[in-house]
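These are my notebook entries on a structure I went through on screen. I kept them in the order in which I looked things up.

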Amino acid sequence: MPRECAQCPPRRKLNYNSQHAAGALRPARVNRGRSLESPAAPIQPRKIGAGGPGTIPAMLRRLARAATPQQRVFWARRSGSLAEIPTYVVDLRSDTVTKPGPAMRRAMAEAVVGDDDYGEDPTVRDLQATAAELLGVERTLFVPTNTMANLISVMCHCRRRGSQLLLGRECHLHVYEQGGVAQIAGVHSHPLPDLPHGTLDLAELERLVTRGLGSPYHPVCELICLENTHSSSGGRVLPMEYLRQVHLLARRYGVRVHLDGARLMNAAVALGVPPARIVEHCDSVSLCFSKGLGAPVGALVGGPKDFIEEAWRLRKALGGGMRQAGVLAAAALVGLADAEEMLQRDHQNAQRFARGLQELASPVCSVDPAAVETNMVMVRVDGLPPEELCRRLQAMSADEVAQTGHAVRLLLFPWTEHSVRAVWHRDVSAQDTELALGKWAFVLRTLGLG
Ligand SMILES: Cc1ncc(COP(=O)(O)O)c(C=O)c1O
C-alpha cells in the first residue's frame, strides 16, 4: 500500500540535510557577520523603505532573485574534498516538480489577459476551446488543480446526497484528496481492489452498481471513477477495451463515468491515439497541466455543455474562480503544444532506466520493463527498507566521486513497503537518466549486493 502521495511532500520527511546528504556538503550554517556566541542584538523596528537587510525593498530583491531560473544541474565549487567536483541533482520524485522553461515563462509574461470570472480572459478561453477540441468534448473549464477538477466532476454527477461512487482503492481521488467527495459533497465512496493494470473487476463493478437498484438499504450508485494513467500501479495505461466495457456497463444502469485524466496525455501518447479516443468512453474528464505538461498551475474539467455550466457554478462555490488566469493558461497552452514530443521522451527515458536497472541483475532492486508503459518505474526493493535505499541514493560521498568522477543526488520517494517509484518528466534528460543509473549501480555496489 502506498504510504505517501508521490506528488505531495512525504509525511515522514526524508532528511535531505542528513550528514550523508548533499546538505552536509554545504556550509553548516550561515554566519551573518555576528559571533554565534555573542548574545543576539535586540531587533529594532525599521522604517518602511529604509533599505538594508530585513527591510521590505531588500526582501523584494531577495524574492526577485529567487524567481530567476535556477540551474538544475550545477557545478559545485566548495572547499574540502569535494571542491571542483561536478555535482548533479536528478529529481525523480514526481512529474509535479518541473519548473517552467524559458518558452513557457515568456508565454506567461506576454499572455493577453482579462477577468476570467467575467469570462473575459482571451487566453483562458483559447485554452478551454483548444482543450475541448483535443479531448473531443463540448466544453472545458480551467480550474486551479486536478483535485478540484475531480471534486467538481463528482459533485456534478452525484446529485443525490449519500449517492455512491465506485472507484479503485488506491486511486488518487480516494487516497490523496482529503476525502473531499465525502467531506464536501456528501458522496459515499465504495473502493474496489485495483487489479495490476489499474483496472477494476468488471463483474464486481456490476454487482455493486446493481446492488442499490430498488433497494431501500444500499446507497444508489451514480458514478464510477477511473484513473488513466493509473498512478499507483506505476503509470499503467487502461486498455481501450476495458474503458469501452466500463462505459457500456455504466450506461446499462444509468450510471456515469468520470475519468481522472491527470496524466491522460501520457496514456494517449503511449497508446498512439488522440486523447479524444480515450475520452469518448467517459461522461467527464479531468486533465492536469502541472504534471508531465510542465505548467506551474492548472487543470481542467471537460464534458457536455450543461455539465460545464454546472461545473462553473461549483468552481465558484469552491473558491476556484480566477481573474487574470491567462498567465496560467498561457503556460498550459505551451505544455499542450509540445506534449507529444516531451512525453514520448519521458517514456523513452523511463524505459531506458528500467532496462538499465534490470541489466544490473541485483537481488536488492528488480524491475519489470514490460510494466513500464509511460513515465513511471516501480522498483521492487528487497533486503533493505525503501526509505534507506532512498537515503543512500540522495547522499553524496567522496567514495562516489572517487569511483564515478562526480556526485549525484538522486531524489525519490519510497512507495510501498517493498518499492520505490521513479517518475520521469521534462526536467530529466537522457543524460540525467544515465547519471541516475550510475548512482543506482554505485549504491548497490556499496551495499555489497550489486
Ligand atoms: C492521478 C492524479 N489525480 C489527481 C491529482 C491531483 O492533482 P493536483 O495536485 O493538481 O490537485 C494527482 C496529483 O498528483 C494525480 O496524480
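I began with the second largest cavity of this predicted model, and I found its wall made up of A262, R263, M265, N266, L287, C288, K291, G292, L293 and L343. Its volume comes to about 30 Å³, and both α9 and β8 contribute at least two residues each to the lining. When I sorted the lining by class, I counted 6 nonpolar, 2 polar and 2 charged residues.

I then asked how many cavities of 30 Å³ or more the structure holds. The number is 2, and I turned to the largest cavity, which encloses about 60 Å³ of space. The residues lining the largest cavity are G168, C171, D194, G198, L200, C225, L226, E227, H230, L238 and Y242. Strand β6, residues 221–227, gives the most to this lining, with 3 residues. By class I noted 6 nonpolar, 3 polar and 2 charged residues around the largest cavity.

Because L226 is one of the residues lining the largest cavity, I followed L226 further, and I noted that it is found in strand β6. Is L226 buried or exposed? Its relative accessible area is 5%, which is under the 20% limit, so L226 counts as buried. Leaving out residues up to four places away in sequence, I listed L200, L238, Y242, L243, V246, V257, H258, L259 and D260 as the residues that L226 touches. Of these contacts, L200, L238 and Y242 also appear in the lining of the largest cavity. I also checked L226 against V285, 59 residues away along the chain, and the C-alpha atoms of the two are separated by 9.6 Å.

In the loop between β6 and α8 (240–252) I stopped at T229, since the peptide bond leading from N228 to T229 is cis, with omega near 0 degrees. I marked this one for a second look because most peptide bonds are trans.

I next looked at the second largest pocket, for which I have a volume of about 460 Å³. Its lining takes in 23 residues, and P196, S232, S233, G234 and M378 are the ones that lie nearest the centre. Strands β11 (376–381) and β13 (413–416) each supply at least two lining residues, and β11 accounts for the largest share, 5 residues. The class count for this pocket is 10 nonpolar, 8 polar and 5 charged residues.

Helix α3 was my next entry. The helix runs over residues 122–135, 14 residues in all, and reaches 20 Å from its first C-alpha to its last, close to the 20 Å expected at 1.5 Å a residue. At the start of α3, I found a side-chain oxygen of D121 within 2.9 Å of the backbone nitrogen of T123, while just after the helix comes G136, whose phi is positive, near 70 degrees. Which residues of α3 are buried? I wrote down T123, V124, L127, Q128, A131, A132 and L135, and these pack against β3 (139–143), α9 (264–271), α10 (275–279), β8 (284–288), β9 (299–303) and α12 (326–337). Among these partners, α9 and β8 had already come up as contributors to the lining of the second largest cavity.

I went on to N349, which lies in helix α13, residues 339–359. With a relative accessible area of 6%, N349 is buried, and, with residues up to four places away in sequence set aside, N349 touches W424, V428, S429, A430 and T433.

Two positive phi values then caught my attention, because most residues other than glycine have a negative phi. Q178, in the loop between α5 (172–175) and α6 (180–183), has a phi of about 60 degrees although it is not a glycine, and at 66% relative accessibility Q178 counts as exposed. A361, in the loop between α13 and β10 (365–366), has a phi near 45 degrees, and at 63% relative accessibility A361 counts as exposed.

I closed with the whole chain, which has 16 helices and 14 strands. Buried residues make up 52% of its 450 residues. Of the contacts with a separation of 6 or more, 75% join residues 24 or more positions apart.

Key: Residues numbered from 1 in each chain as written. Predicted model: local features only at pLDDT ≥ 70, side-chain atom pairs only at ≥ 80, totals over all residues. Heavy atoms only, no water. Helix = DSSP H or I, 4+ residues; strand = E, 2+ residues; numbered from the N terminus. Expected span 1.5 Å × (residues − 1). Buried < 20%, exposed > 50% of the residue type's maximum accessible area, 1.4 Å probe, protein only. Contact = heavy atoms within 4.5 Å. Polar contact = N/O pair within 3.5 Å; in protein donor to acceptor, adjacent residues only side chain to side chain. 1 Å grid on protein atoms, 1.4 Å probe; cavity = no way out; pocket = protein on both sides within 12 Å on 5 of 7 lines; lining within 4 Å. Points joined across faces, edges and corners; volume = space filled by probe spheres on them. Nonpolar A, V, L, I, M, F, W, Y, C, P; charged D, E, K, R; others polar.
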